[in-house]
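Me: I've got a model open and want to talk through its contacts. Can you walk me through them?
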There are 2 protein chains.
Amino acid sequence: MSTINPYDVVPKYYQLANILKQKILEGEWQPRTLIPSERALEAQYNISRTTIRQAIDHLEKQGFIYREHGRGTFVSPQKLQKGLQELTSFSEDMLGRNIQPGQIIQSIERLTPPEDVLQRLELPPDAKVLRVERVRLGDDIPIGLQTSFLKLAEHQIITREDLETAGSLYRILQDKFNIIPTEADETLEVTLATPHEASLLQIKPGAPLLLSERLLYNQNREPVEFVKILYRGDRYRYLIRLTR
Amino acid sequence: MSTINPYDVVPKYYQLANILKQKILEGEWQPRTLIPSERALEAQYNISRTTIRQAIDHLEKQGFIYREHGRGTFVSPQKLQKGLQELTSFSEDMLGRNIQPGQIIQSIERLTPPEDVLQRLELPPDAKVLRVERVRLGDDIPIGLQTSFLKLAEHQIITREDLETAGSLYRILQDKFNIIPTEADETLEVTLATPHEASLLQIKPGAPLLLSERLLYNQNREPVEFVKILYRGDRYRYLIRLTR
DNA sequence: AATATTAACTGGTAGTGACCACATGACAAC
DNA sequence: GTTGTCATGTGGTCACTACCAGTTAATATT
């Protein structure tokens, strides 16, 4: 069994949460069963109840456990499809489904985007953004057509090499420009493929597509990216977990 | 200004959260501006920092504010589209968009559903469920075709009257059967309308539809309802907020 | 046997005190 | 001017303590 170090860069509650999570993932604690009470854990790990509760809070938010006042804390029964409702990049999304992500870069250009994109990015009418167009692949099959509009200064460049090596655009934003995605608003709707889109996605013109439009905010809640992804209707399904 | 009662059924942190929320909604605290520090609020309201933090935790989770370590706590700038990522019924969804929800009840029947529905509801092969078919309206225009499969005992009946008076199915589940929806897994994908679906939705056969499939869990994390909604592609757009 | 009471659990709320980690601006040193 | 140091203010973590609020089962009462 792992132990908890009293002084570390990693908070105690976080370490504890991982220990408990482990017990669930490894099956030591079965779904629907009661886990030790907060007072019991307090004694067992010699950690204050404050910290115990903080750890359990995290696990509850992540959907591993649920609490019932007066009865106890239980392991969630659901074969948890990890981190739905979480902000993920296309690559992360694919990896979560055990599909190998890939991409064909169509273009990287600095230009003035359509009016509606400027508005959402809170930019003046003549501003320029970096547009990145890619066909996204899953296990080498076209899944979606992705167009990103990035609010970046003129000297902030993203190259083909950046994209090819990093794979994920979020990685680049974080490492190269210190932009950390924290939140996004997304809409989903249905459209039909234009001939151009159809040829890129290797489907028939007029085939149904799932259109996702996502406005991404950085750590200061400023919009930094507007992304459109046209998903092939026959090869993609959107998953979320909702809570009340 | 409101005051905080020391002893009440309503927790202090909850009352405080509402007071702070009010200040944001009424515009007293403008977006992006710093709100008083936790120590300042502690002094101002004569509440311990523990409780202050608990209130702020809630507001942060709801997206009203965000914190930056070492800098302070700020009001979120976003014209918050309330409670996305939250579990809502069709009626609640519509009301949140300022659209009047409505329904045409097609049928209410007790029957054995398709195999896949039984499996998701964790029922044996011969089990029966209550199926409710409705055309859902928004401002009197057909928006979606909704089919609910409810895991209910034989004596647990839902009548047309129940549905017509309550409006929301969730209301009925809660009031009549003490089933409280707490969580759901949802998938979204694209399909094309069959002639039958098209006629009910008043669109052309083959028109693109957004198909939502939702498995709803009760307070004990048991599946209680499986709902399919076929949304008209031209009249419905799905909204969510994602966080990281 | 049925019903009411109670004791002993559970998680939930609240206060106090202490210190850590990060950000920032004032100020000293160069 | 530039750079480095440091004091101060912010949120983050943690311990200890106390009591409130549901749940349950044993027990007493009828």
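Me: How much area is buried between chain B and chain A?
Reply: About 4,200 Å² is buried between chain B and chain A, and carbon and sulfur atoms give 48% of that. Buried area is the accessible area (1.4 Å probe) that two parts lose on being put together, summed over both. Some ground rules: this is a predicted model, where local features need pLDDT of at least 70, side-chain atom pairs count only at pLDDT 80 or more, and totals for chains, interfaces and linings use all residues. Residues are numbered from 1 along each chain as its sequence is written, chains are lettered from A and ligands numbered from 1 in the order written, and side-chain values use heavy atoms, without hydrogens or water.

Me: How many residues does the contact take from chain B and from chain A?
Reply: It takes 46 residues from chain B and 46 residues from chain A. Contact means heavy atoms within 4.5 Å. Of chain B's interface residues, 100% are also interface residues in chain A, so the copies meet through the same surface.

Me: What turn lays chain B on chain A?
Reply: A turn of 180°, with a shift of 0.0 Å along the axis and an RMSD of 0.2 Å. The fit is by least squares on the C-alpha atoms of residues with pLDDT of at least 70 in both copies. The two copies are thus related as by a two-fold rotation axis. In chain B, the C-alpha nearest the axis belongs to Pro208(B), 3.1 Å from it.

Me: How many salt bridges are there between chain B and chain A?
Reply: Four. The rule is a side-chain nitrogen of Lys or Arg within 4 Å of a carboxyl oxygen of Asp or Glu. One of them joins Glu189(B) and Arg237(A), 2.9 Å from N to O.

Me: Which element gives the most to chain B's side of that contact?
Reply: β7(B), with nine residues. Strands here are DSSP runs (E, at least two residues), and helices are H or I runs of at least four, numbered from the N terminus.

Me: New topic, the DNA. Which residues come nearest DNA strand D?
Reply: Lys12(A), Tyr13(A), Thr51(A), Arg39(B) and Arg49(B), out of 26 around the strand. Being near takes a heavy atom within 4 Å. Sugar and phosphate make up 65% of the DNA strand D atoms that come within 4 Å of the protein.

Me: Where is a base nitrogen contacted?
Reply: At Gly70(A), where a polar backbone atom is 3.0 Å from a base nitrogen of DNA strand D.

Me: And which element gives the largest share of that surface?
Reply: α3(A), with four residues of the surface near DNA strand D.

Methods
A polar contact is a pair of N or O atoms within 3.5 Å; within protein, one must be able to donate a hydrogen and the other to accept it, and residues adjacent in sequence count only if both atoms are side-chain atoms.
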